[in-house]
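Trainee: Please take a close look at one part for me: the ligand and its surroundings. Then place that part within the chain.

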Amino acid sequence: MKRLRLAVLISGRGSNMERLLEAAAAPDYPAEAGLVLSNRPDAGGLETAKGCGIETATVPHKDFASREAFERAMDETLRAHDIEIVALAGFMRVLTPWFVTRWHRRMINIHPSLLPKYPGLNTHARAIETGDSEAGCSVHWVSEGVDEGDVIAQARVAVRPDDTPETLAARVLSEEHRLYPQALRRACEIIRRH
Ligand code: GRF
């Protein structure tokens, strides 16, 4: 079985990226890591990726005059590395319809809420404020609307009465680490069937 070449896009610490790289290190996993790309030169995840022996690239959004020019540079880098599937993991730039269309059904994202609830930021504080009894995370295909694409997989955690956004975020993050490698496997299987 030919494995899909994976790029993980990050902006920060990259703990989800690390779990994907670990999973993709197994020879029977349907994706193999080809690249970790960051829009921030100081993203902690870049060092982690290098430590795993994975090639890294930085495309600093600040160096480009427009969102389109930034995305064209990212797209060229991805194609130069023969990337076939993209996983966003704490990548903090909103993508234009051009880029999203170019990677249609080839790009997934992890989001720390039970979508369609709470797209965008501050998901844990919003769940607590609303009085939700459960929270969680979702992996979804990336579409034009931010955090709006079809959901591939979700994991749930109970919200405790004494939870703060930080304690809830930590419990959800553990679930993200478990969920993302499974959901990426599923995404690869869906791509293969088409
Ligand atoms: C995660 O909570 C992810 O769901 C969100 O950003 C955070 C990234 O954390 N999109 P990390 O960089 O993977 O540690």
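Mentor: Start with the shell. This is a predicted model, so every value here is computed from it. Eight names line the ligand's surroundings: Arg13, Gly14, Ser15, Asn16, Gly90, Ile110, Pro112 and Glu176. Each has a heavy atom within 4 Å of the ligand. By class, the shell splits into 2 nonpolar, 4 polar and 2 charged residues. Arg13 and Glu176 are the charged members. Ile110 and Pro112 are the nonpolar ones. Gly14, Ser15, Asn16 and Gly90 count as polar.

Now the polar contacts. Take Arg13 to begin with. A polar atom of the Arg13 side chain is 2.4 Å from a ligand oxygen. Glu176 also uses its side chain: a polar atom there lies 2.7 Å from an oxygen atom of the ligand. Asn16 uses its backbone instead. A backbone N or O atom of Asn16 is 2.9 Å from a ligand oxygen. On its own, the ligand has 370 Å² of accessible area, and the protein covers 84% of that. As for the site, the ligand sits in the largest pocket.

Next, the loop between strand S5 (107-111) and helix H5 (123-130). Ile110, from the ligand shell, falls within the range of S5. Pro116 is in the loop that follows S5 and precedes H5. The peptide bond from Leu115 to Pro116 is cis, with omega at about 10°. Tyr118 belongs to the loop between S5 and H5 too. Tyr118 is not a glycine, yet its phi is positive, at about 55°.

Finally, the whole chain. It has 6 helices and 7 strands. Along the sequence, they run β-α-β-α-β-α-β-α-β-α-β-β-α. Two strands follow each other directly late in that pattern, just before the final helix. Along the principal axes, the C-alpha atoms fill a box of roughly 50 × 40 × 35 Å. What about the radius of gyration? The chain has 16 Å, which agrees with the value near 16 Å for a compact globule of 194 residues.

Notes. Residues numbered from 1 in each chain as written. Predicted model: local features only at pLDDT ≥ 70, side-chain atom pairs only at ≥ 80, totals over all residues. Heavy atoms only, no water. Polar contact = N/O pair within 3.5 Å; in protein donor to acceptor, adjacent residues only side chain to side chain. Areas by Shrake-Rupley, 256 points an atom, 1.4 Å probe, with all protein chains shown as cover. 1 Å grid on protein atoms, 1.4 Å probe; cavity = no way out; pocket = protein on both sides within 12 Å on 5 of 7 lines; lining within 4 Å. Sits in = over half its atoms within 2 Å of the grid points. Helix = DSSP H or I, 4+ residues; strand = E, 2+ residues; numbered from the N terminus. Rg over C-alpha atoms; globule rule 2.2 N^0.38 Å.
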